[in-house]
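Student: I've got a protein–DNA model to look at, and I'd like to know what backs up each label we put on it. Can we go through it together?

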2 protein chains.
Amino acid sequence: MKTHQGYVPGITVDITVFTIKDGALHVLLIERASPPYKKHLALPGGFLFFHETAEGAARRILKDKAGVKNIYLEQLYSFDSVDRDPRGRIISISFFALVAEDAVEVTEGRTTESPRWHRVSALSKLAFDHARIVAYAEKRIASKLEYTNAAYALLPRFFSLGQLHAMYEAALSKKIDKRNFIKKFLSLKLIRPTKKILSGLRQRPARLYEFVSRKPTELKKFF
Amino acid sequence: MKTHQGYVPGITVDITVFTIKDGALHVLLIERASPPYKKHLALPGGFLFFHETAEGAARRILKDKAGVKNIYLEQLYSFDSVDRDPRGRIISISFFALVAEDAVEVTEGRTTESPRWHRVSALSKLAFDHARIVAYAEKRIASKLEYTNAAYALLPRFFSLGQLHAMYEAALSKKIDKRNFIKKFLSLKLIRPTKKILSGLRQRPARLYEFVSRKPTELKKFF
DNA sequence: CCAAAAGTGTTGACTGTACACCCATGT
DNA sequence: ACATGGGTGTACAGTCAACACTTTTGG
């Protein structure tokens, strides 16, 4: 096989990164500094190098733009409408990612193109077909939380059952009965109690739990 | 946007077409006439034109190579290992398809490259990373049959409950209790009885059913 | 003592699963 | 008459859903 340099033409990678912040689902967006769609909000993304996979490119882009660590990342869908990019025929291999809020270095400085969190329920117009991509990713988050242990990526290493519960309510945008939820979740054996106790708040201290495994794992059935 | 002619470089489309035949899951494969992987079995596929979407290319290829009609088709995954194709950096946008056996014109003539059905449980080595693609598609068939009405694509327009049951057992490769299966399936209201009766066999005649809708539909829960 | 979240069980409804026999027809 | 798949019901077990009060701490 021949060796190449530079970028693969005609293919980009775009990543929809979700987190839970202030009790609501947020997505990471940049503001485009150059045309097309200058000043529009867009998903972080870019072209891929000849020597890297699409997932590799996604991880590189997230690391460079946002210093992300401990991310849950998987391929989402390839968007390929003929006219989705005014520059020509460009196909986007999109990715779906979950992170804890504090795993992203959101530089609040005025660097344009620096990523920031945006509430999914109140997005302005996005560049390209990125609104469609985000909508597609939103559909996936529920199934990931319901059929896998992906929740570990949205939470700190140690967390209380209350945090876990609040996170599910925010991500699925619905009320969930706390007793039933905790009963069900504990029966799955995905998490275990630790000896840590979170105190210092003006309330009863909470026992902290951790995920038994912080690797992607599929379940038969969840809840 | 500029107009282009010819093929998009660096991207192919490959389709995993499944059917149920002789009580077992089969996949449609061609024998490659030219290198690389000459004489190996491979998924039907090809490059896409500048003016068509990947799904459009998939439908065109299936129509040209196998005269397929009434197909259930959806994007599966994009395979992008750096070394998956000896000709260079070529990414495959793969598709997943379900058809009734008789919806494909399998020309039994000796034309090489003409598609034929192969039992999934006994595949020989495939070209490229097509074995991985087929394995990935196999994982999807169960969820499609369990969470959507995709079964319509694997059956003739009118079918007996016995055929439906046998088809599910073949596709999921497991025994399913017939009474429970039928009870559950009927409760979903996806199918309705017709006035047609299948007789002429040396057995009790069967009432024929049809799908209420033959468009892809998602269900909350299936079975 | 007050505010705030932690923590904890029971009951009734529903759903899934296991299981076996008679029926209608063609040969 | 027999071989073949068609067609049907019940009982038990397990899971889901609804529901509210007491506890522990910090201020």
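**Labels and their reasons**

Tutor: Sure. This is a predicted model. Around DNA strand C there are 21 residues, and those that come nearest are Arg207(A), Asn180(B), Leu201(B), Arg202(B) and Pro205(B). Of the strand C atoms that come within 4 Å of the protein, 42% belong to sugar and phosphate.

Student: What makes the pair formed by Lys178(A) and a phosphate oxygen of DNA strand C a polar contact?

Tutor: A polar side-chain atom of Lys178(A) sits 3.4 Å from that phosphate oxygen. The cut-off is 3.5 Å, so the pair counts as a polar contact.

Student: And why does Arg207(A) get the label with DNA strand C?

Tutor: Here a polar backbone atom of Arg207(A) is 3.0 Å from a phosphate oxygen of strand C. That is within 3.5 Å, so the label holds.

Student: Which atom of DNA strand C does Arg204(A) reach with a polar side-chain atom?

Tutor: A base nitrogen, 3.4 Å away.

Student: How are the residues of the surface near DNA strand C divided?

Tutor: Twelve are charged, five polar and four nonpolar. Helix H4(B) gives the largest share, four residues.

Student: Now the protein–protein side. How many salt bridges does the rule find across the interface of chain B and chain A?

Tutor: Zero. Polar contacts do turn up between chain B and chain A: nine residue pairs, both at pLDDT 80 or more. On the side of chain B that touches chain A, 13 residues are nonpolar, six polar and five charged. The two chains bury about 1,900 Å² between them, with 61% of it on carbon and sulfur atoms.

Definitions and conventions
Residues numbered from 1 in each chain as written. Chains lettered and ligands numbered in written order. Predicted model: local features only at pLDDT ≥ 70, side-chain atom pairs only at ≥ 80, totals over all residues. Heavy atoms only, no water. Buried area = accessible area lost by both parts, 1.4 Å probe. Salt bridge = Lys/Arg side-chain N within 4 Å of Asp/Glu carboxyl O. Polar contact = N/O pair within 3.5 Å; in protein donor to acceptor, adjacent residues only side chain to side chain. Nonpolar A, V, L, I, M, F, W, Y, C, P; charged D, E, K, R; others polar. Near = heavy atom within 4 Å. Helix = DSSP H or I, 4+ residues; strand = E, 2+ residues; numbered from the N terminus.
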